[in-house]
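Good morning, and thank you for joining this meeting. I would ask everyone to look at the structure on the screen, and I will then take you through it piece by piece.

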Amino acid sequence: MLGIDPGTRILGWCVVEGDRTGARFVDAGACRVGAKDPARGMEKIYRAVMEIIEKFSPDTVAVESPFYGSNARTLIRLGEARGAILLAAAHSKVPVESVSPASAKLALTGNGNATKQQVAYMVQQILGTPADLPTDATDAAAVALAFLHNLPFN
């Protein structure tokens, strides 16, 4: 499972193995996009996601859906970033699922309005991630864990 927290400046990602009964941390990180030219930024996102998919071969990519509290410009840029992620997954033939920020927070903390620090703490408790993991990566881990948590029992 590859969880992704899309961003126009920083893309967070986390790979976990498991199901709704438990998960194991594999790897995580953050990719600095930071390109002034939006097309270059989307290319960086696409290439980063392709590399992660090629390295870890996830069964599913769970992407945080944009939240509607953003201003219109930010929402458009996040949509472009999601498009680059979806394209990379499609080229790799990996299914994509969306997870809202509130449902990810709720699944981990019991509070859909939890802070980034609360989410990071719970990710560390559940997965045993390094304490210095960037918050973009812990947000991506929360997305992956929320998706796994909502899987049906087999």
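I begin with one pair of charged side chains: arginine 47 and glutamate 43 form a salt bridge, and their closest N and O atoms are 2.9 Å apart. Please keep in mind throughout that this is a predicted model. Where do these two residues sit relative to each other in helix α1? They are 4 residues apart in this helix, which spans residues 38-56, so about one helical turn separates them. Glutamate 43 is partly exposed, its relative accessible area being 27%. The pair also has a further partner, since Arg40, Glu43 and Arg47 are linked in a network of salt bridges.

How many salt bridges does the structure hold? There are 5. Another one is found in helix α2, residues 72-91, where arginine 77 and glutamate 80 lie 3 residues apart, about one turn of the helix. Their side chains meet at 3.5 Å, N to O. Both partners are partly exposed: arginine 77 has a relative accessible area of 22%, and glutamate 80 has one of 34%.

A further salt bridge joins lysine 116 to aspartate 139, with the closest N and O atoms 2.2 Å apart. This pair links distant parts of the chain, as lysine 116 belongs to helix α4 (residues 116-127) and aspartate 139 to helix α5 (residues 135-149), 23 residues apart. Are the two partners buried or exposed? Lysine 116 is partly exposed, at 39% relative accessible area, whereas aspartate 139 is buried, at 9%.

Let me turn to the sheet. Which strands form it, and in what order? It is an open sheet of 5 strands in the order β3-β2-β1-β4-β5, and the pairing is mixed. At its edges are β3, residues 22-32, and β5, residues 96-99, each of which pairs on one side only. On average, neighbouring strands of this sheet are turned by 25 degrees against each other, with direction ignored.

We can now go through several of the pairings. Strand β1 (residues 2-5) and strand β2 (residues 10-19) run antiparallel and are joined by 4 bridges. One example is leucine 2, whose bridge partner in β2 is valine 15. The connection from β1 to β2 is a hairpin through 4 residues. Strands β2 and β3 also run antiparallel, and 10 bridges join them. Here leucine 11 has cysteine 31 of β3 as its bridge partner, and a hairpin through 2 residues leads from β2 to β3.

The pairing of β1 with β4 (residues 61-64) is parallel and has 3 bridges. In this pairing, valine 63 of β4 is the bridge partner of isoleucine 4.

A residue in the loop between α1 and β4 also deserves a look: threonine 60. With a relative accessibility of 14%, threonine 60 counts as buried, because the cut-off for buried is under 20%. Leaving aside neighbours within four places in sequence, its contacts are Met1, Leu2, Val94, Pro95, Glu97 and Phe147.

I now return to the helices. How do α3 and α5 pack? Helix α3, residues 101-109, packs against α5 at an angle of about 75 degrees, and their axes are 8 Å apart. The two helices are therefore roughly perpendicular to each other. From α3, the contact is made by Ser103, Ala104, Ala107 and Leu108; from α5, it is made by Ala142, Val143, Leu145, Ala146 and His149. By type, the residues of this contact divide into 7 nonpolar, 2 polar and no charged.

My final residue is leucine 148, which is also found in helix α5. At 3% relative accessibility, leucine 148 counts as buried. Which residues does leucine 148 touch, not counting those up to four places away in sequence? They are Met1, Val16, Gly18, Asp19, Arg20 and Ala23. Between leucine 148 and alanine 107, which are 41 residues apart along the chain, the C-alpha atoms are separated by 9.9 Å.

To close, I would recall two points. The open sheet has 5 strands with mixed pairing, and α3 and α5 pack with their axes 8 Å apart. Thank you for your attention.

Key:
Residues are numbered from 1 along each chain as its sequence is written. This is a predicted model: local features need pLDDT of at least 70, side-chain atom pairs count only at pLDDT 80 or more; totals for chains, interfaces and linings use all residues. Side-chain values use heavy atoms; hydrogens and water are left out. A salt bridge is a side-chain nitrogen of Lys or Arg within 4 Å of a carboxyl oxygen of Asp or Glu. Buried means under 20% relative accessible area, exposed over 50%, partly exposed in between (1.4 Å probe, protein chains only). Axes are lines fitted to C-alpha atoms, for helices over the stretch in contact, and angles run from 0 to 180 degrees between N-to-C directions. Angles under 35 degrees count as roughly parallel, over 145 as roughly antiparallel, 65 to 115 as roughly perpendicular and the rest as oblique. Contact means heavy atoms within 4.5 Å. Ala, Val, Leu, Ile, Met, Phe, Trp, Tyr, Cys and Pro count as nonpolar, Asp, Glu, Lys and Arg as charged, and the others, Gly among them, as polar. Two strands pair if DSSP finds at least two bridges between them.
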